[in-house]
Amino acid sequence: MTYSIVVNGETRRVDVPERMPLLWVLRDSLGLKGTKFGCGVAQCGACTVLIDGQPTRSCITPISAVGAKKVATIESLPSDGTHPLQKAWMELDVPQCGYCQAGQLMAASALLAKTPNPNDEQIDAAMSGNLCRCGTYNRIRAAIKSAATNGRRG
Amino acid sequence: MADTLTTPGLDRRSFLQISALAGGGLVIGHFVPDVLAQGPQGPGGPNAASLAPNVYITIHPDNTFTIIAKNPETGQGIRTTLPQIIADEFDVDWAQVKVQQADLDPKFGGQTEGGSRAIPSNYRNMRVVGAGGRLLMVNAAAAQWNVPASELTTGGGAVTHTPTGRKATYASLSARAAALPVPDQAAAEAALKDPKNFKIIGQRIRGVDNLAIVTGKPSFSIDVAPPGMLQAVFVKCPVFGGKVASANVDEVKKLPGVKHVFIVEPAGQGNNSLASGVAIVADNWWIANDARTTLKVTWDEGAVATQSSVGYATQASDLASRSADTAPPPGGRGGAAIGDVQAAFKTAAKVVEAEYMFPLLSHAPLEPQNSTAHFKDGRIEVWSPSQTPSTQHPALGAGIPRENVTMHLVRAGGGFGRRLVSEYDIEVSRIARLVTEERAAAGLPSVPVKLLWTREDDMAHDQYRPSGYHYFKAGLDGAGKLVAYRDFVASTASVIPSNEFPRGFCEHVTISSAAVSPFDVPTGALRAPPTNGVSFVKQGFIDEVATAAGQDPLQYRIDLLNAPAGGGPQGGFNPVRARGVLEAVRDMSDWARRGQLPKGTGKGVAFQFAHAGYVAYVVELAVDANKAISIKRVWCAVDIGRQIVNPSVSENLVNGAFVEAMSHIMNWEITIDKGRVVQQNFPQYQPTRMAQVPKEITVKFLTTDFDPTGLGEPALPPAVPAITNAMFAATGVRIRSLPLAKHGYRWA
């Protein structure tokens, strides 16, 4: 089947089976490797992308369900790392292995878009679907707060 | 292991080798003696090839520097910390440095991640590499200006002659340096900085891959995608050791997008071997994986299909009731027999007995196992996430000599010991060869192949942290002092903790074991083996002993440490350092006032000596009437010697170790039924999530006058018993088996 989807502001055409999850379309058809495969059952959040601004597990979202909605992946953030969240992530040296962090950043960006100044409970609620096997949660929380502060200043 | 510096035939004059670059740069090559193998699991010891000159530093004409990171990076920060050490001694600014990952090459010596060995094995070597380079630049400037080297200083990649104010960049000195005799090892050693002058070592240098990670650049093994690559899944028998009897290969081959389907014959022995299975290769991975729904395999499940966790536990209990007190003297698996334990139990004022158990665990790194290989003209090129990359694995898989293997080390999405075993490298190499051969038969050129496991494959085919069944008995004298101690281990491939505290601080000790048999679950090292489980049982039971003695459990440990007995401590354990971390964490946590905590809240303590490091925790937590646990505060004291190379990395590792311990405690258990793993994916094997983690984990690094050692592992083991001991303090309920979810607990 041929599908036309909007990814990071660009219309992309792909010819893939209708059940193929968006994750594999992004990674293997479009070569956008930033979105990660962790579990395939929407439990770990490594595959989180935004669909019309909503954090979504791309590993269980079939391509046929995307339609005209706008998909944003980690590659939609500035490639020089100047988004307040990216800056905070680097400044606070959040990553260990780094594998989950694209998903964490997408979940965090959706949170700040809706809740510019989140408290701990709001952060925990928004981020609880994203596993970090290395356990960088406290730095993730601190980086979200730092980005919220700097985003307001900016 | 021998220090290769003493190897006959090594020409000390060739310790440093230099060669000019076109355009005015310089490459500095070094002999780096590969001092130690990296821990018990890994290869990587010295070999003849490791004496070849190693290129670690390149000076570019614009006075920037490329520094090689030699070890695999799986999240422990080593790609940042080892180059930091070189850069500091070379005396350049970190902003001038670009880090480049080394491929696998004997000239770099050991390139293994494991056993928290990277810092102790390389700290001095990397310093000497940098210092030798700096000395070369100083000598070049001395020759250029005809001044004594003693009048020269360095900094920011330049040499300064203070009396005259002259200054020259390393790049500008390159041509002259290339023509000079090179410093020898002794001169480089003598040129090492006084640590008080470190500018980069000890600093919070951010991870060198941070920008790539936050921008989603292809950085990980799973992202490797050479042109024309096909993708594969490898379907193995759910029962360990089971084999393919038959499979509907031809039917699966007909599916759209599927390119190759074949039965793979097993090869090799042990963890690093090739299992029997069916490979499906397709244009993209999802299509290959989706074809599994059409694949029908008849398995010959083999003998392991009769084994189960319930059976292992029953056997363990039977062994303990038969032979806990009469087990034979320690054999090949270790043990100890000191004094006369049975006599001491008879005369003890009080006897305490307890059974402890911890389960099999899977590693569950977030990036499932994968590897990419291209087989062409009898050679293979592999991009591997292994912690112990070795040409022997692709060579076994592809059936070619090791010298025909090229390996690239690619950042891995977590290791935790899982990638100490590299069967995915063997599998992908076999699959890549078969794909190339089938394509050649059809007149097609070779292509690379990526093998990617599913999460379910990963959980079903791990090398699991061995379970442990410990049967303890302690004898106390009238004053509550520990005088007799027995640890009987019904062994399921368990490591018998022969040297563990309180051995060395008790007059009469036996540590013995008997094997649960058959036990054919593949086992391996998980972060901090074997103390990741042993610390829970040992530090839990000593807490019980202290309670039985009516004493403060923290002070009870210190009192024992202060009074070596029964032959004293073994295995390099230094009781002064253990006491140091206990006293530090006592003071940090206001331990003395723990009695004033509200009902249902308690503080627990534990310490552990692991992988050359000493770590103690105090945990404060509350348990409510519904068994919901909230961890309020955590204090951690760490002694890994005189120098923390990177405090940001180190604090992150301690935080991560505690969070991992929470996973071990609450939800993680691998159970075996009919020879296969019951748990399939994260829903049955939940790691810790953000909301469950204490908001602050306070870490203090003690500075002691010992060589720096690693931190990937030591901070994990004592976190487990510190939590369960705090639960006892909060509730009076002693936790003797894990995970807690089995006992109805959950995180609040």
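Visitor: What distance separates the centres of domain 1 and domain 2 of chain A?

Guide: Taken over C-alpha atoms, the centres of domain 1 of chain A and domain 2 of chain A are separated by 21 Å. This is a predicted model, in which local features need pLDDT of at least 70 and side-chain atom pairs count only at pLDDT 80 or more, while totals for chains, interfaces and linings use all residues. Residues are numbered from 1 along each chain as its sequence is written, and chains are lettered from A and ligands numbered from 1 in the order in which they are written.

Visitor: Which residues make up the two domains of chain A, and how many does each give to the contact?

Guide: Domain 1 of chain A covers 2–76 and domain 2 of chain A covers 84–153, bounds that come from an automatic or database domain assignment. The contact takes 14 residues from domain 1 of chain A and 12 residues from domain 2 of chain A, where contact means that C-beta atoms, placed from the backbone, lie within 7 Å. On the side of domain 1 of chain A that touches domain 2 of chain A, the elements giving two or more residues are β3 (48–51) and β4 (54–57) of chain A. Helices (H or I, at least four residues) and strands (E, at least two) are DSSP runs, numbered from the N terminus.

Visitor: How many residues of chain B and chain A are in contact, and which element of chain B gives the most?

Guide: Chain B brings 48 residues into contact with 47 residues of chain A, and α16(B) gives the most to the side of chain B that touches chain A, with 7 residues.

Visitor: Why is B:P365 called buried?

Guide: A residue is buried if 20 or more other C-beta atoms lie within 10 Å of its own, exposed if 12 or fewer, and partly exposed in between; B:P365 has 25 C-beta neighbours inside 10 Å, and therefore counts as buried. The place of B:P365 is in the loop between β15 (350–358) and β16 (370–376) of chain B. Leaving aside its neighbours within four places in sequence, B:P365 is in contact with residues including A:R133, B:G413 and B:F416.

Visitor: What makes strand β23 of chain B largely enclosed?

Guide: In strand β23 (residues 601–610) of chain B, 9 of the 10 residues are buried, so the strand is largely enclosed by the rest of the structure. β23(B) pairs with strand β24 (residues 613–623) of chain B in the antiparallel sense over 10 bridges, which meets the definition of pairing as at least two DSSP bridges between the strands. B:T601 has B:A622 in β24(B) as its bridge partner. β23(B) and β24(B) form a hairpin with 2 residues between them, and B:H611 in the turn has a positive phi of about 50 degrees.

Visitor: How do you know that the radius of gyration of chain B agrees with a compact globule?

Guide: The globule rule is 2.2 Å times the number of residues to the power 0.38, with the radius taken over C-alpha atoms; for 748 residues this gives a value near 27 Å, and chain B has 28 Å, which agrees. Of the 748 residues of chain B, 57% count as buried.

Visitor: What makes the largest nonpolar core a core, and how many residues has it?

Guide: A nonpolar core is a set of buried Ala, Val, Leu, Ile, Met, Phe, Trp, Tyr and Cys residues joined through C-beta atoms within 7 Å. The largest nonpolar core has 223 residues, and those with the most contacts inside it include B:A232, B:I280 and B:Y617. Helix α16 (residues 647–666) of chain B gives the most to this core, with 10 residues.

Note on methods:
Contact = placed C-beta atoms within 7 Å.
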